[in-house]
Amino acid sequence: MHELTAERRIWMYRTMVKSRAVDDRLNSLYLDGKTPIFDFRAGILPGELHPSNGQEPCAVGVCAHLGPDDSITTGHRPHHVAIAKGVDLKRMVAEILGRATGLSGGRGGHMHIYDKAVNFGSSGIIAEGIGPAAGMAFAAKFRGRQSVAIAYIGEGAANAGAFHEVLNLAGIYKLPFILVVEDNAWAVSVPKSYSTSVPRNSDRAAGYGIPGEYVSGNDPDLIFAAAGRAVERARGGEGSTLLELQTTRLKGHFVPDALAYMSADERKAMVDMNPIYRDRLTAEGVLTNQEAQSLEAEALAEVEAAFEYAMHSRFPNPEAAFDCVYA
Amino acid sequence: MSSERTLTLARAGREAVIWEMENNPEVFMIGQDIVGTGGVFRTAEGLAKRFGRDRIVESPISETGVIGLATGAAMAGMRPLVEMAYIDFIGVCFNALANFAAKTHYMSGGQYSVPMVLIAGTGGGYSNAAQHSQCLYSLLAHMPGMKIVVPSNAYDAKGLMHSAIRDDNPVVFLYAKAVAGLGFLGKPHPRAMMAVPEEPYVVPFGKARISREGSDITLVGLGYTSVLALDAADLLMQDDISAEVVDLRSLVPLDRESICASVAKTGRLVVADEDYGSYGVSAEVLAAVAEKIPSALRAPARRVTFPDISIPFARQMEYHVLPSAQTIADAARAVVRGGA
């Protein structure tokens, strides 16, 4: 199992900063041209945008244990996980901006981020990536490899059929598979307390004969520890784990979201982990303030370069719409 | 040394599965009852003993999970075969197939392919009523990203199955139950039994077969209805009507050229399909003719399909509404007599 070294904590913080910078930049680009009257079609970034702001710890705490051979599928809110998995940032931003140089040549957009080089894929329909991740785990086990496969879902997806079917399959086939539930407490506007029959989805693991673990606090260090246990079980041939991570969806479901369905108290209670983690690392002497600043500048520069690349990339040839339907 | 045996469609298709599994360690099969019974339609008979349970994987009743799992294994480079028993069950996993498996190659810009074969039985005629007798291939053929195959005879079944397993896309391979040659669904139709070479061979997708040449009218069918069309052509001979029979073999890709070449020659057309009539294969065939050779028809074309009703249980009702050689021949006579 990986140790929680200073180096890994710095990587986690740096990746959280990078991910946040991508989402903040996308957020402002997205609204450009969509005010005062919001119109999905308008602006430089059309369609829906589901930013990951606030959920970065869930990505870095798990991905710190992974290598390129390990696979991830995720859902409609993929940016933070993609960045932590090492997806090509320039081509990812180009894809989100619908450019020919994007990972999918502009066919996918922000909900459909794929980078085969690091075994990463995402799908916009809730819960539908769970089975494919289990299949990647099946392939790894079949071939006798040590790699693991992880499906990321939101807590709302835990009430979809695929969640239950695939956890049962993972249980009976003993797959090197981890189902990560990011519990941001809201499925669009429906609170988990209303939609879900148990307070913790991790308790549902018992129904499938696999371990379940709940991690409170949206804390990268605690998530790192729990993910390490799950990855170790998977690599060691002990099967699957259901890992539920309490997190916070700072920007709501999609942009713009006024969070009108939340109470004032609920809105006020949302905590941004990024500055807290920074303070912890500096307080514990893992980073000096100066080091943190230069690390942040470096991450921002990387993000800036990715946006420069994307914004200067050409748009797809409309006829390319007809490519890639069949292999 | 080439040698041939007369095989049923089901056995011929299984022979291709066995060859591919023996020659490619990344091919595996997953589905319900495939270990204990060889599958409802015997598509996996004897395979568990031959290949072991790591490659013949019994599954619980979890079609969404199983298709999802197969999709992921295919994305990782394996070649899964999913045995799904009845195509009617596609309703419970349509999303996993049509929205994930079939779209992954496109949405990933060609990075990921999904070389997976979904095998199921299609069609009725044995009093299994509304939820176990449907064809539903038109529903699937409507969605881009999948290929759809419905063989009508043993030779094609084997060659098309080799093509399906080697294809890099999701392929839905449907055994028309009425001609699959399963004892418990009646005696094998003699036209579907065929001499099948022992060695592997491929029948390509998108190439219709002219299963009988004729000059007065074109009968287009697939699976069961292409067998019925041959029977209808025999009946039509009694009226001195020479019918040409086009067996589509695959719905996606669809061989529009062969359809139009035949209709251009005969000037008349009947399309026979066991699937529901509206918005289906028969409409697509008529559209191909209307778009490509609009002046070729000497008489209005006709369709013989399952009507737009749920499939009734009682034999008297089901046989009344199923396409038959007789109803196809009747439609053909009406076209020939009604035309110029």
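# A tour of the predicted model

Start with chain A and select helix α4 (residues 89-96) and helix α11 (residues 289-311): the two pack at an angle of about 50 degrees, with their axes 8 Å apart. The model is a predicted one. An angle of that value falls outside the ranges for roughly parallel, roughly antiparallel and roughly perpendicular, so α4(A) and α11(A) are oblique to each other. Their crossing is right-handed. To see the contact, show side chains for Leu89(A), Lys90(A), Val93(A) and Ala94(A) on α4(A), and for Glu302(A), Ala306(A), Phe307(A), Tyr309(A) and Ala310(A) on α11(A). Colouring by class gives seven nonpolar residues, two charged ones and no polar ones in this contact.

**A second helix pair, in chain B**

Move to chain B and select helix α8 (residues 224-237) with helix α12 (residues 325-338). Their axes come within 8 Å and cross at roughly 55 degrees. α8(B) and α12(B) are therefore oblique to each other, and the crossing is right-handed. From α8(B), the contact residues are Leu228(B), Ala229(B), Asp231(B), Ala232(B), Leu235(B) and Leu236(B); from α12(B), they are Ala325(B), Ile328(B), Ala329(B) and Ala332(B). By class the contact has nine nonpolar residues, one charged residue and no polar residues.

**Helix α6 of chain A**

Return to chain A and select residues 161-173, helix α6. Put a distance between its end C-alpha atoms: they are 18 Å apart, which agrees with the 18 Å that 13 residues should span at 1.5 Å a residue. Next, pick out the buried residues of α6(A), which are Ala162(A), Phe163(A), Glu165(A), Val166(A), Leu167(A), Leu169(A), Ala170(A) and Tyr173(A). What covers them? The cover of the buried residues of α6(A) includes α5 (130-142), β4 (177-183) and β8 (241-246) of chain A, together with α3 (63-75) of chain B. Just after the helix, Lys174(A) has a positive phi of about 50 degrees.

**Where the chains meet**

Display both chains and select the residues in contact between them: 32 from chain A and 33 from chain B. On the side of chain A that touches chain B, α5 and α6 of chain A each supply at least two residues. α5(A) gives the most to that side, with 10 residues. By class, the chain A side has 18 nonpolar, 10 polar and four charged residues.

**Backbone stops**

Two cis peptide bonds in chain A can be visited in turn.

- Select Thr35(A) and Pro36(A), which are joined by a cis peptide bond with omega about 0 degrees. Pro36(A) is in the loop between α1 (6-31) and α2 (56-63) of chain A.
- Select Val255(A) and Pro256(A); the peptide bond from the one to the other is cis, with omega near -10 degrees. Pro256(A) is in the loop between β8 and α9 (264-268) of chain A.

Then look at two residues with positive phi.

- Ala185(A) is not a glycine, yet its phi is near 75 degrees. The residue is in the loop between β4 and β5 (186-187) of chain A. Ala185(A) counts as partly exposed because it has 19 C-beta neighbours inside 10 Å, and a residue is buried at 20 or more.
- Tyr279(B), also not a glycine, has a positive phi of about 60 degrees. Look for Tyr279(B) in the loop between β13 (269-276) and α10 (281-292) of chain B. With 13 C-beta neighbours inside 10 Å, Tyr279(B) counts as partly exposed, since exposed means 12 or fewer.

Terms used. Residues are numbered from 1 along each chain as its sequence is written. Chains are lettered from A and ligands numbered from 1 in the order in which they are written. This is a predicted model: local features need pLDDT of at least 70, side-chain atom pairs count only at pLDDT 80 or more; totals for chains, interfaces and linings use all residues. Helices (H or I, at least four residues) and strands (E, at least two) are DSSP runs, numbered from the N terminus. The expected span of a helix is 1.5 Å times one less than its number of residues. Two residues are in contact if their C-beta atoms, placed from the backbone, lie within 7 Å. Axes are lines fitted to C-alpha atoms, for helices over the stretch in contact, and angles run from 0 to 180 degrees between N-to-C directions. Angles under 35 degrees count as roughly parallel, over 145 as roughly antiparallel, 65 to 115 as roughly perpendicular and the rest as oblique. A crossing is left-handed if the near helix is turned anticlockwise from the far one by less than a right angle, and right-handed if clockwise. Ala, Val, Leu, Ile, Met, Phe, Trp, Tyr, Cys and Pro count as nonpolar, Asp, Glu, Lys and Arg as charged, and the others, Gly among them, as polar.
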